[in-house]
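Grab a pencil and have a go at these exercises. Try each task yourself before you read the solution below it.

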Amino acid sequence: MRETVGAWAGVPLPVRRLLAHELRSAASLGRWVLRRPPHGVGAGELAAAYTGPQTAMMYGLVFVSLIETVALSLLIPWPSVHRVVLVLDVYGVLLVLGMHAACVTRPHVVRRDGSLRIRYGALFDLTVPADAVASARVDRRYPEGRLVSLSEDGVLDLIVGSQTTVTLELNRPLSFTRPLGARAEARTIRFHADDPRALVAALRQPAPP
């Protein structure tokens, strides 16, 4: 057992986080297929979906992958090569479906204590305490950059489908973990929610006693 733990500890952090992401995505795919309740959402808490802008793209990628699989099965004459390509194509399709399933089953959550859990599938997870939020507003933007982008002045963009719809101004810097494990701090957070008005309204409600 100690040897296994030691071997795992020797794996670089980005690789470990990617492997963990794939395992969580596989579990999310099972949760999605079985129609289980969203992950991490308690009674009386608001689950805020964010997959709207990317759903068509995800299904488009799956469709293209399936077409590619069929086309290669007709073009590749060598059975051994065909089997390898088939395995890789099926893995790719499951990877895309797992990523989308993780986003569907792991929504943002406005908790009963007024805190906000901001997520992107199994790749990103940040809890913002209620007392750290100076203001929240609906604010549609179309920033450029990767999924998680941090500017020099501490503005964190969590971009879905090339857009964000909610802006949180914080009253203190908040540390977070990037998808590959690096740590950073944000002073403003911009992210996407399919129904930003409902999320902002829930954040503005006073926390129950």
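**Exercise 1: A threonine in a strand**

Threonine 188 is buried, at a relative accessible area of 10%. Keep in mind that you're looking at a predicted model.

Task: Work out where threonine 188 sits and which residues it touches.

Solution.
- Step 1. Find the element: threonine 188 belongs to strand E9, which covers residues 183-191.
- Step 2. Check the burial: buried means under 20% relative accessible area. Threonine 188 has 10%, so it counts as buried.
- Step 3. List the neighbours, skipping residues up to four places away in sequence: threonine 188 touches Gly154, Val155, Leu156, Thr167, Leu168 and Glu169.
- Step 4. Look for a polar partner: the side chain of threonine 188 makes a polar contact with the side chain of glutamate 169, at 2.9 Å.

**Exercise 2: Strand E7 and its partners**

Task: Say how E7 runs relative to E6 and to E9, and whether its residues are buried or exposed.

Solution.
- Step 1. Start with E6 (residues 148-150): 3 bridges join this strand to E7, and the two run antiparallel. For a concrete pair, look at serine 149, whose bridge partner in E7 is aspartate 157.
- Step 2. Follow the chain between the two strands: E6 and E7 form a hairpin with 4 residues between them. Glycine 154 lies in that turn and has a positive phi of about 85 degrees.
- Step 3. Now turn to E9: 4 bridges join E7 to E9, and this pair runs parallel. Here leucine 158 stands opposite phenylalanine 191 in E9.
- Step 4. Recall a rule about strands: in a regular strand, side chains alternate between the two faces of the sheet.
- Step 5. Apply the rule to E7 (residues 155-158): Val155 and Asp157 are on one side, Leu156 and Leu158 are on the other, and all of them are buried. Both faces of E7 are covered.

**Exercise 3: The whole sheet**

Task: Put the strands of the sheet in order and say which ones stand at the edges.

Solution.
- Step 1. Write down the order: E5-E8-E9-E7-E6, an open sheet of 5 strands with mixed pairing.
- Step 2. Pick out the edges: E5 (133-141) and E6 each have a single partner strand, so one side of each has no neighbour in the sheet.
- Step 3. Note the twist: neighbouring strands are turned by 35 degrees against each other on average, direction ignored.
- Step 4. Add the helix: H5 (residues 196-204) packs on the sheet and touches E5, E8 (164-177) and E9. The direction of H5 makes about 175 degrees with that of E5.

**Exercise 4: Helix H4 and two other helices**

Task: Describe how H4 is arranged relative to H2 and to H3.

Solution.
- Step 1. Take H2 (residues 13-33) and H4 (residues 79-105): their axes come within 7 Å and cross at roughly 75 degrees.
- Step 2. Name the arrangement: angles from 65 to 115 degrees count as roughly perpendicular. H2 and H4 are therefore roughly perpendicular to each other.
- Step 3. See what meets what: residues of H2 including His21, Leu29 and Trp32 meet residues of H4, among them Tyr91, Leu95 and Met99. By class, this contact has 10 nonpolar, 6 polar and 2 charged residues.
- Step 4. Move on to H3 (residues 52-75): the axes of H3 and H4 come within 10 Å and cross at roughly 170 degrees. That makes H3 roughly antiparallel to H4.
- Step 5. Look at this contact too: H3 brings residues including Met58, Leu61 and Leu72, and H4 brings others, among them Val85, Val93 and Cys103. The contact of H3 with H4 divides into 13 nonpolar, 7 polar and 2 charged residues.

**Exercise 5: Spots outside helices and strands**

Task: Find out where arginine 35, serine 162 and glutamine 205 are placed.

Solution.
- Step 1. Arginine 35 is in the loop between H2 and E1 (46-48). Its phi is near 60 degrees, a positive value in a residue other than glycine. Arginine 35 is exposed, with a relative accessible area of 75%.
- Step 2. Serine 162 is in the loop between E7 and E8. Phi of serine 162 is near 65 degrees, again positive in a residue other than glycine. At 48% relative accessibility, serine 162 counts as partly exposed.
- Step 3. Glutamine 205 is in the segment after H5 and is exposed, at 53% relative accessible area. Glutamine 205 and glutamate 45 are 160 residues apart in sequence, yet 12 Å apart in space, C-alpha to C-alpha.

Key
Residues numbered from 1 in each chain as written. Predicted model: local features only at pLDDT ≥ 70, side-chain atom pairs only at ≥ 80, totals over all residues. Heavy atoms only, no water. Axes fitted to C-alpha atoms, helices over the stretch in contact; angles between N-to-C directions. Parallel < 35°, antiparallel > 145°, perpendicular 65-115°, else oblique. Contact = heavy atoms within 4.5 Å. Nonpolar A, V, L, I, M, F, W, Y, C, P; charged D, E, K, R; others polar. Buried < 20%, exposed > 50% of the residue type's maximum accessible area, 1.4 Å probe, protein only. Polar contact = N/O pair within 3.5 Å; in protein donor to acceptor, adjacent residues only side chain to side chain. Pairing = 2+ DSSP bridges.
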